[in-house]
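This briefing turns to charged side chains, how they pair and how far they are covered by the rest of the protein. Please keep the structure open beside the text while reading.

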Amino acid sequence: MRIVVDENILAVDDYFSSAGELIKLPGRQITNQVLLDADALLVRSVTPVDEDLLKNTRVRFVGSATSGVDHVDLDCLKQHKIKFCDAQGCNAAAVVDYFFSAVALLRKQHQLPELPETFGVVGAGNVGGLLVRKLLELGCEVRINDPLLNAAQKSALKGAEFCNLERTMGADVVSLHVPLTRSGPHKTSRLLNRENLGRLAPGTILINTSRGEVICGTGLAELLSVRDDVFAVLDVWENEPLVGADLVSKAQLATPHIAGYSLEAKNRATATLAAELGKFFDMTPSPPSDTVLTDKAVDVAVTSLLANDDSWATEVLLSVLPLNELDAGFRELVSAKRGPAAFDSMRRELASRREFSSHRVSAEKLTEEQGRVLGCLGFQID
């Protein structure tokens with residue numbers, strides 16, 4: 001069997017070495033010609049999978065190591081009876097870690113409360129649902145806008161308020177976790193447009209870790225040009241990897257689509273693809289080597305934390321995920337016009353990031369409440 005795979009998918013040799021011949025390429029260099037004799041294709045979000053890519057090939061299986069699937073023409077795959085699987089939910093913890101780190105950083109920069117009073121979550125699937133559960137456990141007021149949730153899903157998020165988009169966007173922090181859909185009654189392309197962006201209240205933190213096209217980029221840039229009381233945290237961009245410098249310069253925090261990047265998330269995604277490919281081709285995937293992911297916890301070095309010091313959480317979170325440094329590096333990349341290759345390179349550098357759950361904090365330095373909060377966020381308390 002011949003498998004064409006994006007070389008940046010974690011541990012493909014470990015998981016697929018026994019499956020057949022591996023052809024590893026940068027995702028943007030996977031072409032129709034490469035696939036002519038391939039049986040399976042494994043991609044990330046940078047490879048558009050459509051009729052032009054797959055025509056006249058013998059590909060029978062496509063796997064995407066991503067949660068979003070807007071880069072895949074699902075109708076095309078269905079028409080050609082090609083099996084498809086993705087990795088929905090595998091990056092949920094990493095994205096939620098990013099969310100809390102971003103709020104912590106803005107709190108530090110603008111002397112905001114440790115946790116704002118209200119949180120609006122637009123889209124409460126795998127990622128948004130996990131965020132909602134953590135916010136509720138922390139005792140926060142949460143508003144959800146997700147018209148696609150069924151009764152059972154709403155019941156699992158008991159304690160949150162389910163409301164329309166306008167009320168959800170009235171929260172102190174608004175976080176977007178929707179798939180990108182360009183048609184239908186619940187399309188999300190330009191879900192946040194000039195009109196509803198203009199109604200954001202003073203002091204609102206707007207966080208987008210879903211897809212760039214969910215927000216009207218020009219509308220947001222115009223808003224941020226005339227209002228310094230709206231704080232935009234943007235990890236995703238229209239027309240990636242060609243990122244608009246104007247919006248980057250106006251965002252309070254800007255990063256290169258890395259919210260869901262972590263060693264744990266990538267390992268879960270590859271394992272998911274390996275299991276599905278094994279089922280489809282009736283084979284047993286290779287077990288991962290011990291070097292793929294270690295269970296050893298990473299100790300967090302922090303100073304003594306005082307009960308009356310309200311910056312303690314910021315210190316811990318930014319020591320694990322230094323978004324201020326990533327923001328500075330990304331702005332330099334964009335201002336220097338270094339292009340798509342540099343964008344991809346910066347993302348690769350985050351491949352070894354570890355999630356909160358792989359970090360350990362000594363209980364001796366924590367108050368009971370601090371231990372409870374960090375435990376809720378996923379840290380190991382020893």
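K250 is partly exposed, with a relative accessible area of 26%, and its salt-bridge partner is D246, the closest N and O atoms being 2.4 Å apart. The model is a predicted one, and 20 salt bridges are counted in it.

**A pair within one helix**
- Both K250 and D246 belong to helix α11 (residues 245-250), where they stand 4 residues apart, about one turn of the helix.
- D246, like its partner, counts as partly exposed, because its relative accessible area is 44% and that class lies between the 20% and 50% limits.

**A pair linking distant parts of the chain**
- E264 and R354 form a salt bridge in which the closest N and O atoms are 2.7 Å apart.
- This pair joins distant parts of the chain, 90 residues apart, with E264 in helix α12 (residues 263-281) and R354 in the loop between α15 (339-348) and β14 (359-361).
- E264 is buried at a relative accessible area of 6%, and R354, at 14% relative accessibility, also counts as buried, because buried means under 20%.

**A pair across the burial limit**
- R227 and D229 meet through their side chains in a salt bridge of 2.9 Å, taken from N to O.
- R227 counts as buried at 17% relative accessibility, whereas D229, at 23%, counts as partly exposed.

**A negative surface patch**
- E51, D52, D73 and D75 form a negative surface patch.
- Within this patch, E51 is found in helix α3 (residues 51-54) and is partly exposed, with a relative accessible area of 34%.

Methods: Residues are numbered from 1 along each chain as its sequence is written. This is a predicted model: local features need pLDDT of at least 70, side-chain atom pairs count only at pLDDT 80 or more; totals for chains, interfaces and linings use all residues. Side-chain values use heavy atoms; hydrogens and water are left out. Patches are made of residues with over 30% relative accessible area and no salt bridge: like charges are joined within 9 Å, nonpolar side chains (Val, Leu, Ile, Met, Phe, Trp, Tyr) within 5 Å. Accessible areas come from the Shrake-Rupley method with a 1.4 Å probe; for residues, only the protein chains shown count as cover. A salt bridge is a side-chain nitrogen of Lys or Arg within 4 Å of a carboxyl oxygen of Asp or Glu. Lys and Arg count as positive and Asp and Glu as negative; His and the chain ends are not counted. The place of a charge is taken as NZ of Lys, CZ of Arg, CG of Asp or CD of Glu. Helices (H or I, at least four residues) and strands (E, at least two) are DSSP runs, numbered from the N terminus. Buried means under 20% relative accessible area, exposed over 50%, partly exposed in between (1.4 Å probe, protein chains only).
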